[in-house]
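Reader: I would like to go through the charged pairs and the surface of this chain. Where should we begin?

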Amino acid sequence: MNSLDWVVLIGYFGVMVAIGVWSHKRVDTVSDFFTAGGRMPWWLSGISHHMSGYSAVMFTGYAGIAYTYGVTSYVTWSFPIAIGIAIGAHLFAPRLNRLRSRLRVASPLEYLKDRYNLPTQQALAWSGVLLKIVDVGAKWAAIATLLSVFTGISLNQGILITGVVTGIYCTVGGLWADALTELGQFVIQFLAGIAMLVAVLGKLGGFSALWTVWDRPELHGHTAPTAGPYTLTFLLAYLFIKTFEYSGGMWNQAQRYMATPSAREATRSGRLSAVLWFVWPLVLFFPMWCAPLLVDPKKPDGSDAYALMTEQLLPHGLLGLVVVGFFSHTMAMCSSDANAIAAVFTRDIAPVLSKAARSWTQQAGLLAARWSTIAFLALSMAVATQVNSPTFKDIITVVIKWVAGLMGPIAIPFMLGLLRAFRKSGPTAALVSWAAGLFVFWLTNYGLDGVELQIQIVSPLATSLVLYVLIGLIKPEDTPERDALLDRIGSDGDGASTIPAQVGERAEQPRG
């Protein structure tokens, strides 16, 4: 990178901070901070949902998979995510929206106290928060790894720079700042992705390289839809997992659905995100698939191939734009996760830990939300410095095994608890399925040797799902109150909702 690239990068950071400061005036209440007051347009919510779903891990860990196995990286990653979001747009998105519009909650987990009980809510909240600290730590490490390739700064310095900038705009502006910066980041990534695609096609002979390049011996086997450990079984397991995760199981996507004015708008938001997941990763992945023709990675897993190719092919200025594109994905995901975790802490955990938190004023609640965001970012940045330690092994291990494996036991009671078909599954089913899923994760990843990757990632979720359903049948715990709650969030026919009050708070006055 030269001075022109640095100008682009620093300018990007400045714009992100400016958007956060501008968004500050739109945040007057806790509802504004966590759910945009239910006023976010469906198209902005959809783009935000898409952008908050992946990070610079795509340009490191998944770039290595693309370099080694080719189109398998798309077939077993973004394609099942797109399918899962399309399913969730109709099954879960409307119900998640009604949590806000009808139950008047600001955190996705607030409804669990009434759907199950307080211990269930706390178990899911605490385990989800701890998992997200590790997950976001891996994202910081991924972007810092890329930054070190381009600039030579250390991993810890890269973590500090990206974490501080993200912390400023998402703490000041809340979900509005997240969504608006994600819109800007989407535009930047579009330009950067197209620039990289054009550069690679130019190097390989022009537009016709899209279909002629596959005959070259260096790309032998690169057209196989599944390869290596990424088998058909892995694909089906991943589809199963990502349907829950990207439909709201990891909370930040749930917030995007909650932020739209109505259930119908939430569904439209999910459809847009699904379309983007079908199409856009193809543009980003093609240069990675062709990387064996252009670069010789220094890392054995090929995770530095995309970064090296960018340095080789793009002129200064465009190089800075692509580096900004790396940042845009990571900062989008990390800021959205920070907002979701702050919502869960201030709305679900803090009132249980502190009597004072149960009677916070709007100002006190907003202050707590912002400090919670800062604390989460700081903890995840600390974890990022250890992501390559023997405990975590490497970035892709954290993302695929830890997140995919541990997400299921948390998501099953949360997501299936929204559906009337599972109304008989109560607190016992929720807690047992959660605990058993966590145990199976430990068993398949650390207790037993030689367990295949697809078994490691799917067995915790499958265990939780089976136990959740079976215990509900053996020991039904449905009550009239729980049935009434499910009826409120499951019924159709709602139009644009009014700006909701929080539980225990007065409704906001209309704005002039």
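Author: Begin with Arg-268, which is partly exposed, at a relative accessible area of 28%. The model is a predicted one.

Reader: With which residue does Glu-265 form a salt bridge at 3.3 Å?

Author: Both residues of this pair lie in helix 13, which covers residues 263-289. They are 3 residues apart, about one turn of the helix. The closest N and O atoms are 3.3 Å apart, and the partner of Glu-265 is Arg-268.

Reader: Is Glu-265 buried or exposed?

Author: Buried means under 20% relative accessible area. Glu-265 has a relative accessible area of 15%, so Glu-265 is buried.

Reader: Which other salt bridge does Glu-265 form, and how far apart are the closest N and O atoms?

Author: The other partner is Arg-264, which counts as exposed at 55% relative accessibility. A salt bridge needs a side-chain nitrogen within 4 Å of a carboxyl oxygen. For Arg-264 and Glu-265, the closest N and O atoms are apart by 3.8 Å.

Reader: How many residues apart are Asp-478 and Lys-424?

Author: The side chains of Asp-478 and Lys-424 meet in a salt bridge, at 3.9 Å from N to O. Asp-478 is in the loop between helix 19 (453-474) and helix 20 (480-490), while Lys-424 is in the loop between helix 17 (395-416) and helix 18 (427-447). The pair thus links distant parts of the chain, and the separation is 54 residues.

Reader: Which residues are joined with Lys-424 and Asp-478 into one network?

Author: Asp-478 counts as partly exposed at 26% relative accessibility, and Lys-424 counts as partly exposed at 33%. Salt bridges that share partners join these two into one network with Arg-423 and Asp-483.

Reader: How many salt bridges does the count come to?

Author: The pairs discussed here include Glu-265 with Arg-268 and Asp-478 with Lys-424. With the 4 Å limit as the rule, the count of salt bridges comes to 11.

Reader: What is the area of the nonpolar surface patch that includes Phe-190?

Author: Phe-190 is in helix 9, residues 155-203. A patch residue needs over 30% relative accessible area, and Phe-190 counts as partly exposed at 41%. Together with Val-187, Leu-191, Ile-194 and Val-198, Phe-190 makes a nonpolar surface patch of about 420 Å².

Conventions: Residues are numbered from 1 along each chain as its sequence is written. This is a predicted model: local features need pLDDT of at least 70, side-chain atom pairs count only at pLDDT 80 or more; totals for chains, interfaces and linings use all residues. Side-chain values use heavy atoms; hydrogens and water are left out. Buried means under 20% relative accessible area, exposed over 50%, partly exposed in between (1.4 Å probe, protein chains only). Helices (H or I, at least four residues) and strands (E, at least two) are DSSP runs, numbered from the N terminus. Patches are made of residues with over 30% relative accessible area and no salt bridge: like charges are joined within 9 Å, nonpolar side chains (Val, Leu, Ile, Met, Phe, Trp, Tyr) within 5 Å. Accessible areas come from the Shrake-Rupley method with a 1.4 Å probe; for residues, only the protein chains shown count as cover.
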